[in-house]
Amino acid sequence: MTEMQVDIEQQKQLAFYMDMLGHDILNSNQAVLGYLELILSTSITDKAVRKYVEKAVSHIRTSTILIENIKRLMAAREADPNSFKPADLMAAILRSERELRRHYPDKKVSLSISPRIDEAYVLGDSAAENLIFNLMVSIVGLDRNEEIELSLMLKEIDCGGRMCWSMTVEDPNARLPPAMKDKSIDAVYQQDGSTAVKMAGLLFVKMMAVSLGGDFDAHQLGKTEDEGSTFVLVLRKAGKP
Amino acid sequence: MTSVLIVDDELFIVELYRDILQLRGYRVVGTAFDGEEALRKYGNSADKPDVIIMDHRMPVMNGVDATKEIIKLNPNQKVIFVSADVLVEKEARDAGAVEFLPKPFRMDDLIEKMEKISNLR
């Protein structure tokens, strides 16, 4: 067996183990989520206890997303970029807004979109839709407030000779780690392991955006981390399906 | 009262569905831990369940194959397919499942689908 064949076999074996582990973790998450929902459906009178349970629900959902992201990244690595189908950008944004309320039952999240565009399609099918949801989840996770107001702006741009949609999300309270003040996401991840763990969601967004032919980065809005953050996702424009 | 057969190889998942469905007023008429056991119990039961909740990745016989066999026995049988493998949805629907839920799902979503099927009866 050649070195390359050994490498391929090892990758297949790793993918198999990851798949099995992911499957079992999702099953465990199902049980925890189910019983937490059962507790929430009973008449909990203590507001603090309800809040604790809601926080646990958020964490289980985050754990689920992390596992699903690993699966998606592994699938995206093997996909042919030319085979990506269009995804409706506005529909994905509106669906993400609704899903955020489920994901963070203990927070009140509002999203203002400007401009609202009837037809905006990007390449990437369900992977692009999922990417937008992941971005929103990551941003809310960086905001310590209970009431969160996000501003989302859309515009068409030229990205390396291709037309793309650029989606900028600003959160005046989302705090990026200080290391990200003047560095790109990938540079920070390679430099500081603790930051990488804290912001795995953003790293996923970056990796998936690049694998779909786009890009992603995040920066502080002002000079200090207290002044909020801006997140820019670029995805390749697609025609109407 | 809507009757249910639960098929999943994980005991803790079977217990979860049973606990919640019973609390919500459903009648759990049986459980099975693989597709073959589900098929055997289904074939032997005089009182067929209104709904089968079917997992996919199980030993002996998987959920898609079990669904195909059950639908052969009774084309009107309602199967809600639940799986952590989202890529199996098309296969499950082609096999005859009327609904699909990716794990982990909200139990309210399962109940909603159960009610939808109950109302069709």
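How many helices and strands make up the secondary structure of chain A? The predicted model gives this chain seven helices and seven strands, where helices (H or I, at least four residues) and strands (E, at least two) are DSSP runs numbered from the N terminus. Read from the N terminus, the elements follow the order α-α-β-α-β-β-α-β-β-α-α-α-β-β. Residues are numbered from 1 along each chain as its sequence is written, while chains are lettered from A and ligands numbered from 1 in the order in which they are written. Because the model is predicted, local features need pLDDT of at least 70 and side-chain atom pairs count only at pLDDT 80 or more, whereas totals for chains, interfaces and linings use all residues.

A word on confidence helps before the details. For chain A, the mean pLDDT (the predictor's confidence in each residue, from 0 to 100) is 83, and 88% of the residues reach 70 or more. Confidence in this chain is highest in strand E5(A), at 94, and lowest in helix H6 (residues 193-198), at a mean of 55. Where pLDDT is low, the predicted coordinates should not be read in detail.

Strand E5 (residues 162-171) of chain A has two partners to follow here, pairing being called when DSSP finds at least two bridges between two strands. With E4 (residues 147-159) of chain A, strand E5(A) pairs in the antiparallel sense over nine bridges, and A:Ile157 has A:Cys164 as its bridge partner. The hairpin of E4(A) and E5(A) leaves two residues between the strands, and A:Gly160 there takes a positive phi near 65 degrees. With E7 (residues 229-238) of chain A, strand E5(A) again pairs in the antiparallel sense, over eight bridges; here A:Val169 is matched with A:Phe231.

Of the 241 residues of chain A, 34% count as buried, that is, with 20 or more other C-beta atoms within 10 Å of their own; exposed residues have 12 or fewer, partly exposed ones lie in between, and C-beta atoms are placed from the backbone. The largest nonpolar core (buried Ala, Val, Leu, Ile, Met, Phe, Trp, Tyr and Cys residues joined through C-beta atoms within 7 Å) has 47 residues, and A:Ala128 and A:Leu235 have the most contacts inside it. Elements giving two or more residues to this core include E4, E5 and E7 of chain A, but helix H4(A) gives the most, with nine residues. Beyond its neighbours within four places in sequence, A:Ala128 is in contact (C-beta atoms, placed from the backbone, within 7 Å) with six residues' worth of surroundings, among them A:Ala87, A:Val122 and A:Leu235. A second, separate core of 32 residues includes B:Val7, B:Ala38, B:Val79 and B:Ala92.

In chain B, helix H2 (residues 35-44) has B:Gly35, B:Ala38, B:Leu39 and B:Tyr42 as its buried residues. These lie on the same side of H2(B) because they cover an arc of only 95 degrees around the axis, the arc being that of the directions from the helix axis to the C-beta atoms. The buried residues of H2(B) pack against strand E1 (3-7), strand E2 (27-32) and helix H3 (63-73) of chain B, while B:Arg40 and B:Asn44 are exposed on the other side of H2(B).

Finally, the two chains meet in a contact that takes twelve residues from chain B and twelve residues from chain A. On the side of chain B that touches chain A, helix H1 (11-23) and helix H5 (107-120) of chain B each give two or more residues, and H1(B) supplies the largest share, four residues.
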